[in-house]
Amino acid sequence: MSAAPPSLVIKICGLSTPETLESALAAGAEMIGLVFHPKSPRFVQPEEAAVLAAMARGRAEIVALVVDRDIAELTDLVEAVRPDWLQLHGRETPETVRAIKAATGLHAIKALGVADRHDLAAFAAYDGIADRILLDAKPPKDAAYPGGHGRAFDWSILAALDRASPFMLSGGLDPANVAQAIAMARPWGVDVSSGVERAPGVKDVDRITDFVVAARAAAAAATEAGRS
């Protein structure tokens with residue numbers, strides 16, 4: 001595995017109020033995520049999201065998380081919210097990712113669910129098509145929406161990942177374990193949602209700040225270790 005990048009990218013996802021969005025921006029998150037999947041407790045309507053995006057614009061990159069949306073719907077969403085990235089969290093094929101990027105003109109993050117090392121085989125199919133790949137814990141079989149649902153996968157399996165591009169790490173991250181995750185996985189970025197909440201969909205300002213501080217310290221330590 002290569003050394004961690006000098007500046008780890010931190011994404012706080014599932015933000016839904018001006019207060020918690022402001023806390024993520026003040027803490028120094030480079031990306032903020034807005035969720036457009038109606039079954040998620042973090043779902044925001046495009047009108048609400050447009051207000052939040054306006055707060056973040058120029059201060060952080062805006063990511064719209066969608067699940068198996070068709071291109072016409074995505075075009076309308078992009079026009080309303082004006083995100084910088086689309087995070088594709090469904091069953092989008094590499095061909096679909098390519099078509100979405102062409103239609104919207106936006107960067108794309110493709111989320112891949114991981115439970116064991118066999119799931120990493122999908123990385124190669126999207127590498128070079130998606131601008132970033134997000135490795136997330138597979139949801140439970142009966143889950144109503146995708147994502148890690150607060151659970152982590154075994155980060156040690158990433159040591160054998162054959163990859164040409166950097167990846168983002170998600171799934172079960174929180175202020176207490178993000179340092180270990182960064183040390184083991186050496187990701188380009190980390191993405192947290194439920195790990196900075198006090199209840200499903202309810203972000204906690206202090207936990208957001210604690211997460212960013214812990215991630216920054218871990219990234220600096222990993223970079224220093226790579227130099228020694």
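**Notebook: helix α2, the cores and Lys203**

I started with what covers the buried residues of α2, and found that it includes α1 (18–27), β2 (31–35), β3 (61–66) and α3 (71–81); contact here means heavy atoms within 4.5 Å. Helices (H or I, at least four residues) and strands (E, at least two) are DSSP runs, numbered from the N terminus.

Ground rules: this is a predicted model, where local features need pLDDT of at least 70, side-chain atom pairs count only at pLDDT 80 or more, and totals for chains, interfaces and linings use all residues. Residues are numbered from 1 along each chain as its sequence is written, and side-chain values use heavy atoms, with hydrogens and water left out.

Next I looked up which residues of α2 (46–56) are buried (under 20% relative accessible area, 1.4 Å probe, protein chains only). They are Ala49, Leu52, Ala53 and Ala56. Down the axis of α2, the buried residues fall within an arc of 105° (directions from the axis to the C-beta atoms), so they line one face. Glu47 and Val51 are exposed (over 50%) on the face turned away from that side.

Then I checked Leu34. Leaving out residues up to four places away in sequence, Leu34 touches Ala49, Leu52 and Ala53, among others.

Last, Lys203: buried or exposed? Lys203 is buried, at 4% relative accessible area, and is found in strand β10 (residues 202–203). A polar atom of the Lys203 side chain lies 3.2 Å from the backbone oxygen of Gly14. Among the residues that Lys203 touches, beyond four places in sequence, I noted Ile12, Thr20, Arg42 and Glu197.

Terms used
Polar contact = N/O pair within 3.5 Å; in protein donor to acceptor, adjacent residues only side chain to side chain.
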